[in-house]
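Visitor: I should like to request a close look at a single part of this model, together with the spaces that belong to the same account.

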Amino acid sequence: MKVNGEKFAVITAYDFTFSTLIENAAIEVVLVGDSLGNVIQGRDSTLPVTVDEMAYHTAAVKRGNNRALLISDMPFMSYATDVQAFENAAILMQAGAQMVKLEGGEWLADTVHLLTERGIPVCGHIGLTPQSVHKLGGYKVQGKDEQAAEQLITDAKALESAGAELIVVECVPSSLGRELSETLDIPVIGIGAGPDTDAQVLVLHDMLGISQRLPSFSKNFIEDNSSIEEAITAYGNEVRTGTFPAPQHCFK
Ligand code: KIV
């Protein structure tokens, strides 16, 4: 789709029923995000989420999904060593994931290489990486100055060279989202990264307006639609036509 200049939509899911609705809405990629720590478990961060919990939710989503690419998040500390990364990625793949997502930049390239070399497809995640929230000092926009933006471009290139096949970039200025998409051959999936990334991802509970708080980069799609399936379909269409994200969902 990137080669053809077509945008695609990604959404999070955590259970069978929503997975079937997402399937009916023809969303291209489903992410079992460790955001389940926040929206399912009511935690104040993703840090307490375990591999077993990710595997449980991945298996449930898998049962409702036949068409979309299914990505599962590797939770905090599950890829601290190469052995942990390989063993834990295998658990998620056996639960039904077709790709795993890891948070981190250049420093993670060897781990990404190890996984991809052994047949496990990898999605990178840079920018605002919620597993590092305490190091980042909160949920803040990343890559705002020139040096930080350059580092994110270096990180993205290192992940791509190591074998990553997709990359999520979270909460960066729109200009950087565009530059990353233009620089990389692999598709860049943005969340709060402007309108010019190759794809968009949203947390399901945010876009259905049932989260505790709607992040400024998200949009409540249920407001203008009469069912959950219609709202998810509208999200997919707005991403593909470039209507979402609008300027109010973007950072400068
Ligand atoms: O855990 C998650 O839902 C994510 C998305 C916000 C990209 O990583």
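Visitor: Where is Pro245 found?

Guide: Pro245 is found in the segment after helix 10 (228-241). Helices (H or I, at least four residues) and strands (E, at least two) are DSSP runs, numbered from the N terminus. The model is predicted, and local features need pLDDT of at least 70, side-chain atom pairs count only at pLDDT 80 or more, and totals for chains, interfaces and linings use all residues. Residues are numbered from 1 along each chain as its sequence is written, and side-chain values use heavy atoms, with hydrogens and water left out.

The bond that precedes Pro245 deserves attention: Phe244 and Pro245 are joined by a cis peptide bond, with omega of about 5°. Most residues other than glycine have a negative phi, and most peptide bonds are trans. A backbone feature of another kind occurs at Ala26, which is not a glycine yet has a positive phi of about 60°. Ala26 is placed in the loop between helix 1 (16-24) and strand 2 (29-32).

Both partners of the cis bond also border an enclosed space. The largest cavity is lined by 13 residues, and Phe244 and Pro245 are among those nearest its centre, together with Gly192, Gln200 and Phe217. Two elements, strand 7 (188-191) and strand 8 (199-202), each give two or more residues to this lining, and strand 8 gives the most, with three residues. On a 1 Å grid over the protein atoms alone, a cavity is a set of points where a 1.4 Å probe fits but cannot get out; a pocket is an open set with protein on both sides within 12 Å along at least five of seven lines; lining residues have an atom within 4 Å of a point. The volume of the largest cavity is about 40 Å³, where grid points are joined across faces, edges and corners and a volume is the space filled by probe spheres set on the points. The cavity lining has eight nonpolar, five polar and no charged residues. In these classes, Ala, Val, Leu, Ile, Met, Phe, Trp, Tyr, Cys and Pro count as nonpolar, Asp, Glu, Lys and Arg as charged, and the others, Gly among them, as polar.

The open spaces complete the picture. The largest pocket holds about 850 Å³ of space. It has 36 lining residues, of which Ser35, Asn38, Val203, Asp206 and Pro215 are the closest to its centre. Helix 2 (36-39), strand 4 (99-103), strand 6 (166-170) and helix 9 (204-207) each give two or more residues to that lining. By class, the lining comprises 15 nonpolar, eleven polar and ten charged residues.

The ligand takes up the space of this largest pocket; a molecule sits in a cavity or pocket if more than half of its atoms lie within 2 Å of its grid points. Residues surrounding the ligand include Thr12, Asp73, His125 and Val203, where a residue counts as near if one of its heavy atoms lies within 4 Å. This shell has five nonpolar, four polar and three charged residues. Polar side-chain atoms approach ligand oxygen atoms at 3.0 Å from Asp34, 2.5 Å from Ser35 and 2.8 Å from Lys101. The protein buries 95% of the 260 Å² that the ligand exposes when taken alone, with accessible areas from the Shrake-Rupley method and a 1.4 Å probe.

Terms used
Polar contact = N/O pair within 3.5 Å; in protein donor to acceptor, adjacent residues only side chain to side chain.
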